[in-house]
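Welcome! Below is a short guided look at one protein model, written for someone meeting it here. Please keep the structure open while you read.

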Amino acid sequence: MEIKKVGVAGCGMMGSGITQICARSGYSVVVLEANEELLKKGLSNIEGSLARAVERGKMSGEEKAATMGRIQGTVKVADFADCDLVIEAVPEDVELKRRVFADLDRVCPPHAILGSNTSSIPIMKMASATKRMDKVLGMHFFNPAHIMKLLEIIKTIATSDETMATVTEFGKSLGKTVVPVKDMPGFIVTRLLVVQLLEAVRALQDGLASARDIDEAQKLGLNIPMGPFEEIDLVGLDVLLNVADAMYQETKDPKWAAPPLLRQMVDAGYLGYKVKRGFYNY
């Protein structure tokens, strides 16, 4: 099946990046938000990102205008009625995602593939809310979605080989390196990364060292560009907590149990870079 028109459910941090890379790659994109205010904010973020690309010489003004011209914003799920592929990018709440997938199944054409950008929730939990389980899979982009090269595609026990092949080619058309993954909690990257991030918070909580010193030790000792607390602040403390809670709920493995310090900081509203305060102040 050839994908010509793409839908994106959600225009937040991930949804806006996915919308941007799809439109820049030549696809017509319909992006949905819950209300006009959120939609305006998301579209503004895309326009700002493209404007910065023009300033850096990464694209021309004409290319920016053409990219924005391929994007249609909406607050009506019915506007996905002629999409070939819809990518869900709403918050990591399994019941919310199941409601979104039920709506998508109702309005999308029979041939349409439905993908979830979840970083941790088993895909079958969303697929089972539809009557097209063979056409549902995971499409885990990484933040920022319009820059990061990896795309994990997650195959459930019901996903067809044709669906996997179609989305693999679609991912490659976005310039992504596509890695197929079994439908298990956390997939590859989240499964390995979140354990490390939670252990860093436990180390801070235990008084092992300061957040800054832990970051410096990790960066210099492992030759990586970003320390765990810089990573957590960028991703969002609330996002990390939601993922950890989802993983723990699914597996009951104590390695996924969130440290009290993380939960306390989220309760205090210290969510990271997006609110200018997390483990660092910005």
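A residue is called buried when its relative accessible area is under 20%, exposed when that value is over 50%, and partly exposed in between. With that cut-off in hand, we can place Glu199: its relative accessibility is 46%, so Glu199 counts as partly exposed. Please keep in mind that this is a predicted model.

**Salt bridges**

Glu199 makes a good starting point, as it forms a salt bridge with Arg202, with 3.2 Å between the closest N and O atoms. Arg202 has a relative accessibility of 19% and therefore counts as buried. Both residues belong to helix H7 (residues 189-205), where they sit 3 residues apart, a separation of about one helical turn. An α-helix has 3.6 residues a turn, so residues three or four places apart point the same way.

How many salt bridges does a search of the whole structure find? The search finds 16. Three of these pairs are set out here, each with its closest N to O distance.

| Salt bridge | N to O distance | Relative accessibility |
|---|---|---|
| Arg132 and Asp105 | 2.7 Å | Arg132 7%, Asp105 15% |
| Asp161 and Lys155 | 3.9 Å | Asp161 60%, Lys155 30% |
| Glu199 and Arg202 | 3.2 Å | Glu199 46%, Arg202 19% |

Which parts does the pair of Arg132 and Asp105 tie together? Arg132 lies in the loop between helix H5 (124-127) and strand E6 (136-141), while Asp105 lies in helix H4 (residues 94-107), so the salt bridge joins parts that are 27 residues apart in sequence. Arg132 is buried, and Asp105 counts as buried too.

The pair of Asp161 and Lys155 has another setting: Asp161 counts as exposed, and Lys155 is partly exposed. Salt bridges can also link up, and Glu88, Glu92 and Lys97 are joined in a network of them.

**Two helices and their faces**

Next, look at helix H10 (residues 237-251). H10 has 15 residues and reaches 21 Å from its first C-alpha to its last, close to the 21 Å expected at 1.5 Å a residue. Where do its buried residues lie around the axis of H10? The buried residues of H10 are Leu237, Leu240, Leu241, Val243, Ala244 and Met247. These residues cover an arc of only 165 degrees around the axis, which puts them on the same side of H10.

Helix H3 (residues 61-69) can be read in a similar way, with Lys64, Thr67 and Met68 as its buried residues. Seen down the axis of H3, these residues fall within an arc of 95 degrees, so they line one face of the helix. On the other side of H3, Glu62, Ala65 and Gly69 are exposed.

**The second largest pocket**

Finally, turn to the second largest pocket, which holds about 200 Å³ of space. Its lining is made up of Gln20, Arg24, Ser49, Arg52, Ala53, Arg56, Lys58, His146 and Ile147. Helix H1 (13-24) and helix H2 (36-55) are the elements that give two or more residues to this lining. Which element gives the most to the lining of the second largest pocket? That is H2, with 3 residues. By type, the lining residues divide into 4 charged, 3 polar and 2 nonpolar.

Conventions: Residues numbered from 1 in each chain as written. Predicted model: local features only at pLDDT ≥ 70, side-chain atom pairs only at ≥ 80, totals over all residues. Heavy atoms only, no water. 1 Å grid on protein atoms, 1.4 Å probe; cavity = no way out; pocket = protein on both sides within 12 Å on 5 of 7 lines; lining within 4 Å. Points joined across faces, edges and corners; volume = space filled by probe spheres on them. Helix = DSSP H or I, 4+ residues; strand = E, 2+ residues; numbered from the N terminus. Nonpolar A, V, L, I, M, F, W, Y, C, P; charged D, E, K, R; others polar. Salt bridge = Lys/Arg side-chain N within 4 Å of Asp/Glu carboxyl O. Buried < 20%, exposed > 50% of the residue type's maximum accessible area, 1.4 Å probe, protein only. Expected span 1.5 Å × (residues − 1). Arc of directions from axis to C-beta.
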